Amino acid sequence: MNDPNKTPKKDKKPGGQTFLIILVSVLACLLVMGAFSGVFSDSSSRKISYDEFIKMLDDKEVKSVIVTGETLEITPVSDDKYVTMTYYTTKMEDDTALAQRLDRAGVKFSRKSSTFTSGLVEVLVSFVLPLVLFLVFFNVLMNRMNKGGGGVMGVGKSKAKSYVQKSTGVSFKDVAGEDEAKESLQEVVGFLHNPQKYVEIGAKLPKGVLLVGPPGTGKTLLAKAVAGEADVPFFSLSGSEFVEMFVGVGASRVRDLFEEAKKNAPCIIFIDEIDAIGKRRDGGAGSGGNDEREQTLNQLLAEMDGFDSSKGLLILGATNRPEVLDPALLRPGRFDRRVIVDRPDLKGRIAILKVHAKDVSMDDTVDFNEVALATSGAVGSDLANMVNEAAILAVKHGRMAVSQKDLLEAVEVVLVGQEKKDRILSAEERRIVSYHEVGHALLTALQKNTEPVQKITIIPRTMGALGYVMQVPEEEKYLNTKKELEARLVITLGGRAAEEIVFDTVTTGAANDIEQATSLARAMITQYGMSDRFGLMGLATEENKYLGGQAVLNCGDQTATEVDHEVMDLLRKSYDEALELLRGHREAMDKIAELLIERETITGKEFMKIYRECEGIPEPAEPVSSFDEAWEQIKKV
Ligand code: ADP
């Protein structure tokens, strides 16, 4: 087993790689030469033995002979037998009587001396030319394998040079939200600006900072902003780009990258997806497949130990899987600082929307607060994408500025895909989808602790939804109560419940709901301590937190079986509640479904209007902005 903290050894010389190159060279050379000798030998000549030649001569089948050095070039008489051949060649035997024989047979003969130049041409054509052609071909091949890394000699060269930016042109102003991350990195900018100041006082400068967070939260953008703020060059490479097919290439790339960066210090090296090379070394036997990655990691560790941070060289790494990183990488003196770049909260989302809307014309209807509320869980790249989609939609609709409607439509495009108008549902399917969606929506209105409905639609989307209910919370939530989660379970299973009530059968349309409800119920029992049976016992741990999160059970088999039963009970209870609530409000369900089938999309307001009419609930008072308005309303009541 490997010690995770072992001192990294220098990388092995890439012996396997050289051997492979030589082997391929020789094989290819032989092939090419063989091909060339075939090409340049005259296909119309045939080699015959001297005896055959003598026989031809006796049979009067030879027309003329040219003697070139040791070789006889024989031109046959053109009869049927030989008409397809132009001449034969044969090696001259030690035949002193040859001249007499030829003379006797009446065959014309002459002598041609083999010159130095013709010999040279022969050597050039049959050996040098194939070799040159082969080298050109091999160089092109290696270039491709190197993805532009500089030919045969460039194997193992880092590509950092092609990724270096003298100035990124990005500053902290371009990164919206993420205030804590920016604050931590501001310090780092100070180190890069004036490393000497810190050295004089005796402070050790950080060598590496790890940016940790889900994809699209702006880690690369932040790294560029650090370089921009410090006004230093920015070397950027992705972890996966180090690992190539040849063992040793990644390590020599790392070496080359650091060499190049040291020459340009102060500067920043940014390694995106650092987990591609920094994965925990398992040290198990037979881990030959990971040899290349381990060598690359060892080299990175060695380089990090080797450089003097007082020169102003800083390494920023980004990952969304910090838990898989090798502990040696996180040791003091390496990536010992961790900056969390998490999903933005409401304020952060508003700020990100504003940054991206800066260069887009927006009209007065735009309300970023509403958009941000509707996009809980979205990351910076999603929001940037939404603003762009909204601008495209505005152009498509022939408008000069983006409106709130465009933005809300763009939210849906990014979250559930484009409308798929060519998917024609049958009348019966439309009815089923409508009741299914109304089932979800009605249960949000019938229960407490739910988020209001913004829209119900049965227009299919490219990401697979045949219809959906859009809910928008009134305010950002950081915690969920048990009651809220229970209500969410009932809503999620409400689509299937509506199908059963109305059609007396069920469809495949609830697959995604069932998956969601099951994982929520399981989390409530195993992670949130919300079941009476298991109480506060933690039964699962979350893995891949920044990549959607997966709960992994950490209990015995018998407990796992009991957990399954508990999950089933909770789901059944929620489903029964959904059935009961919907059965009790059949009239509202029918009326809303009817309107949905007719219009395909209805707003949350239209939905609530019908619901209140059916249930005899009075309309709520309009929000008032002044005392006089409030007084008027009170008088009316
Ligand atoms: P990551 O490296 O975390 O995967 P990126 O830095 O590549 O994410 O972000 C992708 C894009 O998303 C950026 O180019 C930017 O347009 C947008 N973006 C992400 N986060 C932010 C943010 N906090 N502020 C502004 N734009 C952001």
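**Close-ups of a predicted model**

α6 (179-193) and β9 (313-319) each bring at least two residues to the lining of the largest cavity. That cavity is our starting point, and everything shown here comes from a predicted model.

**View 1. The largest cavity and what lines it.** Looking through the whole structure turns up 2 cavities of 30 Å³ or more. The largest cavity has a volume of about 50 Å³. Its lining is made up of Val188, Phe191, Leu192, Leu205, Pro206, Ser309, Gly312, Leu313 and Leu314. Which element gives the largest share of this lining? That's α6, with 3 residues. By residue type, the lining of the largest cavity splits into 7 nonpolar, 2 polar and no charged.

**View 2. The ligand and the residues around it.** There are 15 residues around the ligand, and Ala176, Gly216, Lys219, Thr220 and His356 come nearest. Sort the shell by type and you get 5 nonpolar, 7 polar and 3 charged residues. α8 hands over the largest share of the shell, 3 residues.

**View 3. Backbone atoms that meet the ligand.** Zoom in on alanine 176: one of its polar backbone atoms sits 2.8 Å from a nitrogen atom of the ligand. At glycine 216, a backbone N or O atom lies 2.8 Å from an oxygen atom of the ligand. Serine 381 also takes part, with a backbone N or O atom 3.4 Å from a ligand oxygen atom. How much of the ligand's accessible area does the protein cover? On its own the ligand has 560 Å² of accessible area, and the protein covers 78% of that. Two or more residues of the shell come from each of α8 (219-230), α13 (346-357) and α15 (380-396).

**View 4. The second largest pocket.** This pocket has a volume of about 1400 Å³. Its lining counts 39 residues, and the ones nearest the centre of the pocket are Val453, Gln454, Thr603, Gly604 and Lys605. Several elements give two or more residues to this lining: α14 (368-374), α16 (404-416), α17 (427-446), β11 (453-457), β15 (601-603) and α22 (604-615). Which of them gives the most? α22 does, with 8 residues. As for residue types, the lining of the second largest pocket holds 16 nonpolar, 7 polar and 16 charged residues.

**View 5. Aspartate 231, a residue with a positive phi.** Most residues other than glycine have a negative phi. Aspartate 231 isn't a glycine, yet its phi is positive, at about 55°. You'll find aspartate 231 in the loop between α8 and β7 (234-238). Is it buried or exposed? Aspartate 231 counts as exposed because its relative accessibility is 58%, and the cut-off for exposed is over 50%.

**View 6. Glutamate 600, another residue with a positive phi.** Here phi is near 70°, and once again the residue is something other than glycine. Glutamate 600 belongs to the loop between α21 (586-599) and β15. With 28% relative accessibility, glutamate 600 counts as partly exposed, since that label covers values between the 20% and 50% limits.

Terms used. Residues are numbered from 1 along each chain as its sequence is written. This is a predicted model: local features need pLDDT of at least 70, side-chain atom pairs count only at pLDDT 80 or more; totals for chains, interfaces and linings use all residues. Side-chain values use heavy atoms; hydrogens and water are left out. On a 1 Å grid over the protein atoms alone, a cavity is a set of points where a 1.4 Å probe fits but cannot get out, and a pocket is an open set with protein on both sides within 12 Å along at least five of seven lines; lining residues have an atom within 4 Å of a point. Grid points are joined across faces, edges and corners, and a volume is the space filled by probe spheres set on the points. Helices (H or I, at least four residues) and strands (E, at least two) are DSSP runs, numbered from the N terminus. Ala, Val, Leu, Ile, Met, Phe, Trp, Tyr, Cys and Pro count as nonpolar, Asp, Glu, Lys and Arg as charged, and the others, Gly among them, as polar. A residue is near a molecule or strand if one of its heavy atoms lies within 4 Å of it. A polar contact is a pair of N or O atoms within 3.5 Å; within protein, one must be able to donate a hydrogen and the other to accept it, and residues adjacent in sequence count only if both atoms are side-chain atoms. Accessible areas come from the Shrake-Rupley method with a 1.4 Å probe; for residues, only the protein chains shown count as cover. Buried means under 20% relative accessible area, exposed over 50%, partly exposed in between (1.4 Å probe, protein chains only).
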